[in-house]
Amino acid sequence: MPGPCMRREFLILSELRDAAIAARDLVGDLSAPDINADPMRRAALLWQFTVLGEAANQIPDGIRDANPQIPWRAASRMRNRIVHGYWDIDVETLVATAADDLPAMIAELEALIGQFT
């Protein structure tokens with residue numbers, strides 16, 4: 001059974017993965033104009049990227065350093081951009097990231113989470 005520290009890391013990684021899955025699913029096959037036309041979906045997408053970036057910030061350096069294929073810093077930067085400039089977010093970037101980048105990140109996170117179980 002993992003110790004308390006490993007359990008915390010497992011929970012954070014799971015939260016990060018879940019936010020990535022939610023963001024990917026919120027976008028689905030929709031375009032940026034579709035997302036912009038739906039304020040609730042846009043807000044939910046912003047929230048999921050915020051959670052994703054915040055969780056990435058909480059991952060210990062040792063895990064991040066051992067898994068450079070996961071874009072930890074990019075997730076953190078996206079979160080900071082949303083939190084500090086939410087009124088001027090490029091939804092095209094969010095949609096492209098969700099559709100093009102998150103599937104690979106989800107797969108990498110799944111593999112990493114598997115090491116904790």
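## A tour of a six-helix chain

Start by selecting Gln 48, which sits in helix α3. Keep in mind that you are looking at a predicted model. Is Gln 48 buried or exposed? Its relative accessibility is 18%, so Gln 48 counts as buried. The cut-off for buried is under 20%. Now show what surrounds it. Setting aside neighbours within four places in sequence, Gln 48 is in contact with Ala 19, Ala 22, Ala 23 and Leu 26.

**Zoom out to the whole chain**

Colour the chain by secondary structure. How many helices and strands are there? The chain has six helices and zero strands. Walking from the N terminus, you meet α-α-α-α-α-α.

Next, look at the overall dimensions. The C-alpha trace spans about 45 × 25 × 20 Å along its principal axes. The chain has 117 residues, and a compact globule of that length would have a radius of gyration near 13 Å. The value for this chain is 14 Å, which agrees.

Turn on the surface. The accessible surface comes to about 6500 Å². Carbon and sulfur atoms own 56% of that area. As for the residues, 41% of the 117 count as buried.

Now colour by charge. There are 11 positive and 17 negative side chains. The centres of these two sets lie 6 Å apart.

**Go into the core**

Select Leu 16, Phe 49, Trp 72 and Leu 102. These residues have the most contacts inside the largest nonpolar core, which has 36 residues. Which elements give two or more residues to this core? They are α1 (4–27), α2 (32–36), α3 (39–58), α5 and α6 (91–114). Helix α6 provides the largest share, with 10 residues. In soluble globular proteins, nonpolar side chains tend to be buried together.

Stay with Leu 102 and display its contacts. Beyond four places in sequence, Leu 102 touches Ala 20, Ala 23, Arg 24, Phe 49, Leu 52 and Thr 97. You have already met Ala 23, which is also in contact with Gln 48.

**Move to helix α5**

Select residues 72–85, which make up helix α5. Stop at Ser 76, which is found in this helix. With 8% relative accessibility, Ser 76 counts as buried. Leaving out residues up to four places away in sequence, Ser 76 touches Gly 53, Ala 56 and Asn 57.

Stay in helix α5 and select Arg 79. Is Arg 79 buried or exposed? Arg 79 has a relative accessible area of 17%, so it is buried. Show its contacts next. Not counting residues up to four places away in sequence, Arg 79 touches Phe 49, Thr 50, Gly 53, Glu 54, Asn 57 and His 84. Two of these names, Gly 53 and Asn 57, also appear among the contacts of Ser 76.

Get the distance tool out. Arg 79 and Thr 50 are 29 residues apart along the chain, and their C-alpha atoms are separated by 4.6 Å. Now try Arg 79 and your starting point, Gln 48. These two are 31 residues apart along the chain, with 9.3 Å between their C-alpha atoms.

Pairs far apart in sequence matter for the contact count of the whole chain. Take the contacts with a separation of 6 or more: residues 24 or more positions apart account for 73% of them.

**Visit two loops**

Where is Asp 90? Asp 90 lies in the loop between α5 and α6. Its relative accessibility is 43%, so Asp 90 counts as partly exposed. Draw a line from Asp 90 to Arg 42. They are 48 residues apart in sequence and 11 Å apart in space, C-alpha to C-alpha.

Finish at Ala 37, in the loop between α2 and α3. Its relative accessible area is 65%, so Ala 37 is exposed. The cut-off for exposed is over 50%. For a last distance, pick Ala 37 and Ile 113. They are 76 residues apart along the chain, and their C-alpha atoms are separated by 35 Å.

Note on methods:
Residues numbered from 1 in each chain as written. Predicted model: local features only at pLDDT ≥ 70, side-chain atom pairs only at ≥ 80, totals over all residues. Heavy atoms only, no water. Helix = DSSP H or I, 4+ residues; strand = E, 2+ residues; numbered from the N terminus. Rg over C-alpha atoms; globule rule 2.2 N^0.38 Å. Buried < 20%, exposed > 50% of the residue type's maximum accessible area, 1.4 Å probe, protein only. Contact = heavy atoms within 4.5 Å. Areas by Shrake-Rupley, 256 points an atom, 1.4 Å probe, with all protein chains shown as cover. Lys, Arg positive; Asp, Glu negative; His and termini not counted. Charge placed at Lys NZ, Arg CZ, Asp CG, Glu CD. Core = buried A, V, L, I, M, F, W, Y, C linked by side-chain atoms within 4.5 Å.
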